[in-house]
Structure formats: C-alpha cells, structure tokens
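I opened this entry to record what I looked up in the model, helix by helix and then loop by loop. The sequence and structure are placed here for reference.

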Amino acid sequence: MSHVAELTGIATGDTPSGDEVPAALLRARGEYLPVFVTDDQADAIRRGLAGDQFERPLTHDLLVDMVAEFGGAFDRVRIDDLREGTFYAKIDAQRYEDGEPESLTFDARPSDAVAIAVRADCPIEIDDDVLDVAGRSGEELGVDGPESDE
C-alpha cells in the first residue's frame, strides 16, 4: 500500500558522517521521510514550490512543458523502494494516441521525481515498506507540525 505525501519543504539534516545536507521533507502516514538531496536539487525543488518563473525554462520546467506539448501528462510519482540507503522512485505518466491513453512508467531519482511533481501538480506517493524503514517522527527530526494524517 502507498500513501499520498505532502512535501513540507526543504530542511537541513545531518548525514551519518555528520555533514549537514539539504533534504526534501515529505510527510505521509503521520511520519516524515527525509530524502537527502544536493544543493542544486534542493534549489530546483524550492523554485518549483515557489512557482518561480524565468525568461527561459530550467530543466524540470522544460521537461514538464515538453510532455504536455506532446500530449502527455504526469499522473503521480512514487518513492517505492529503499535499497542500501538509497531511495528509488518511479514517475507514472500517460500519453494519448488516437484518443486512447497509454500508461508509462519511468525510473527516476527521487529528487527529480519530486521536482517534477511540484511543477506538474501531481501526487507524490510513498510505499508502506519505505515508510516502515525510513519514516521518522516529527519529534525525532525536530519538526513542528501535525503528526497524523486524516
């Protein structure tokens, strides 16, 4: 089973080695999932959340625009696996040919999937198995906010 997640923003977290790095902070099932990202990835997600517009499109904006122009749509993104400390994601999309939808699934880095989701306004889902292993309480992360989904 999977749960729709809310992207609460970009936070700063400590890696096991003690380095501070940005993390996309997702909340689902009353838990938080910190997805560590690079500074560039964090910036791309922040810009998508803010709806920043530029004279020329940035990479994720360009991809979303191209998919729409080719008659496709993003249905959802999923963080669906965690192996050896690395999250794995999928992007579910549709394209239409002769008026008939064709479902497509693409492997993606979670940071790219989240950056696309905020631009395409599609849901982000996290599998139970991922939350069972990597989900954290707000208290554990030092995050203020609601602890349960309705």
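I began at the end of α2, where Gly71 follows the helix with a positive phi near 85°. The model is a predicted one, and I read every value below with that in mind.

I then asked which residues of α2 are buried. I found His60, Asp61, Val64 and Val67 in that class. Their arc around the axis is only 135°, so they lie on the same side of α2. On the face turned away from that buried side I noted two exposed residues, Thr59 and Glu69. I also looked up what the buried residues of α2 pack against, and recorded α1, β4 and α3.

Next I turned to α1. I noted that this helix runs over residues 39-50 and has 12 residues. From first C-alpha to last, α1 reaches 16 Å, close to the 16 Å expected at 1.5 Å a residue. I listed Gln41, Ala42, Ala44, Ile45 and Gly48 as the buried residues of α1. They share one side of α1 because the arc they cover around the axis is only 160°. Asp39, Asp40 and Ala50 are exposed on the other side of α1.

I checked what covers the buried residues of α1. The cover includes two strands, β1 (2-14) and β2 (20-28), and it also includes the helices α2 (59-69) and α3 (110-120). Just after α1, I recorded a positive phi of about 70° at Gly51.

I examined the pairing of α1 with α3 separately. Their axes are 8 Å apart and the packing angle is about 15°. The two helices are therefore roughly parallel. I entered the crossing of α1 past α3 as left-handed. On the α1 side of this contact I listed Gln41, Ala44, Ile45, Arg47, Gly48 and Leu49. Their partners in α3 are Ser111, Val114, Ala115, Val118 and Arg119.

I followed the β2 side of the α1 surroundings through Pro22, which is placed in strand β2. Is Pro22 buried or exposed? I entered Pro22 as buried, because its relative accessible area is 11% and the cut-off for buried is under 20%. Pro22 and Gln41 are 19 residues apart in sequence, and their C-alpha atoms are 8.9 Å apart in space. I then looked up the contacts of Pro22, leaving aside its neighbours within four places in sequence. Among them are Ile10, Ala11 and Thr12, as well as Val35, Phe36, Val37 and Thr38. Asp39 and Ala42 are also in contact with Pro22.

Finally, I looked up positive phi values in residues other than glycine. Glu84 has a phi near 50° and is placed in the loop between β4 (72-83) and β5 (86-97). I entered Glu84 as exposed because its relative accessibility is 85%, and exposed means over 50%. Asp121 likewise has a positive phi, near 50°. Asp121 is placed in the loop between α3 and β7 (124-127). With a relative accessible area of 72%, Asp121 is exposed.

Notes: Residues are numbered from 1 along each chain as its sequence is written. This is a predicted model: local features need pLDDT of at least 70, side-chain atom pairs count only at pLDDT 80 or more; totals for chains, interfaces and linings use all residues. Side-chain values use heavy atoms; hydrogens and water are left out. Helices (H or I, at least four residues) and strands (E, at least two) are DSSP runs, numbered from the N terminus. The expected span of a helix is 1.5 Å times one less than its number of residues. Buried means under 20% relative accessible area, exposed over 50%, partly exposed in between (1.4 Å probe, protein chains only). The arc is that of the directions from the helix axis to the C-beta atoms. Contact means heavy atoms within 4.5 Å. Axes are lines fitted to C-alpha atoms, for helices over the stretch in contact, and angles run from 0 to 180 degrees between N-to-C directions. Angles under 35 degrees count as roughly parallel, over 145 as roughly antiparallel, 65 to 115 as roughly perpendicular and the rest as oblique. A crossing is left-handed if the near helix is turned anticlockwise from the far one by less than a right angle, and right-handed if clockwise.
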